[in-house]
Amino acid sequence: MPKSILIDTTRCTACRGCQIACKEWHNLPANQTKQTGTHQNPPDLNPNNLKIVRFREHLDENKVVHWNFFPEQCRHCLVPPCKDVADMVLEGAILQDAKTGAVLFTDRTASLSAEDCEAIRQVCPYNIPRRDDKTGKLTKCDYCIDRQQAGMVPICVKTCPTGAMAFGERSEMLELAQKRLAKVKKTFPKAFLADPQDVNVIYLLAEEKEHYYEYATF
């Protein structure tokens, strides 16, 4: 049975602890960025940021400002379309670990052409893969496969100070997701789970899709 992460965005405060912890654990360098008119930084996923917290705000009918935060990362699809496309070009470039469910981009992705990498990015329903122009490799969250194999939880889950993230057996996380959803709906009646039947990283969203990142769900 694969592992799953449940991310309850109603508990996220955008502290970005998960984002920084991911960079530190994977020994990724800092990015040089510019102010773009939002607190979100950097503006998008990139080879040096495998996880970012996205910011989105809107006014409700009473002119009250609502902030929605979305800790973005690979969803580790149960049936990953990225792997299907990569297998047609270079088998073994993208693997799926049966024990954890992790979808892994290997060093062999450096042998893929830029066009092949773009095709893999386009087939991803969540727009996750990013090509490193320096190495030619495709990059994304690796589900902290090294930590999982050592009996530890993903570093983003361990770091989260508000309990927004939970990790465990998929069946347990699906059960927890339903319990969290029932509770959240008392405050946010439009809350829903994003594609729980298709992915191992399950998001609980408080509002409709349009109040989050474009690729928050299908």
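## Terms and overall fold

Helices and strands are runs assigned by DSSP, with at least four residues for a helix and at least two for a strand, and they are numbered from the N terminus. In this predicted model, the secondary structure of the chain comes to six helices and ten strands.

The chain has a radius of gyration of 17 Å, which agrees with the value near 17 Å that a compact globule of 218 residues would have. Along the principal axes, the C-alpha atoms fill a box of roughly 55 × 40 × 30 Å.

## Burial, contacts and surface

Of the 218 residues in the chain, 50% are buried. When contacts with a separation of 6 or more are considered, 58% of them are made by residues 24 or more positions apart.

The accessible surface of the chain comes to about 11000 Å², and carbon and sulfur atoms account for 53% of that surface. The chain carries 29 positive and 28 negative charges, and the mean positions of these two groups are 5 Å apart.

## Aromatic pairs

A search of the whole structure finds eight aromatic pairs. Phe 70 and Tyr 212 form an aromatic pair that is edge-to-face, with 6.4 Å from centre to centre and 65 degrees between the planes. This pair links distant parts of the chain, since Phe 70 belongs to strand 3 (residues 65-72) while Tyr 212 lies in the segment after strand 10 (201-205), 142 residues apart. Both Phe 70 and Tyr 212 are buried.

An aromatic cluster is also present, and Phe 55, Trp 67 and Phe 69 form it.

## Backbone details in the loops

The loop between helix 1 (17-25) and strand 2 (52-59) contains Pro 42, and the peptide bond that leads from Asn 41 to Pro 42 is cis, with omega near 0 degrees. Asn 27 also has its place in the loop between helix 1 and strand 2. Although Asn 27 is not a glycine, its phi is positive, at about 55 degrees. Asn 27 counts as exposed because its relative accessible area is 68%, and the cut-off for exposed is over 50%.

Cys 144 lies in the loop between strand 7 (138-139) and helix 4 (145-149), and here too a residue that is not a glycine has a positive phi, of about 45 degrees. Cys 144 counts as buried because its relative accessible area is 5%, and buried means under 20%.

Note on methods
Residues numbered from 1 in each chain as written. Predicted model: local features only at pLDDT ≥ 70, side-chain atom pairs only at ≥ 80, totals over all residues. Heavy atoms only, no water. Rg over C-alpha atoms; globule rule 2.2 N^0.38 Å. Buried < 20%, exposed > 50% of the residue type's maximum accessible area, 1.4 Å probe, protein only. Contact = heavy atoms within 4.5 Å. Areas by Shrake-Rupley, 256 points an atom, 1.4 Å probe, with all protein chains shown as cover. Lys, Arg positive; Asp, Glu negative; His and termini not counted. Charge placed at Lys NZ, Arg CZ, Asp CG, Glu CD. Phe/Tyr/Trp six-rings, centres within 6.5 Å; stacked < 30°, edge-to-face > 60°.
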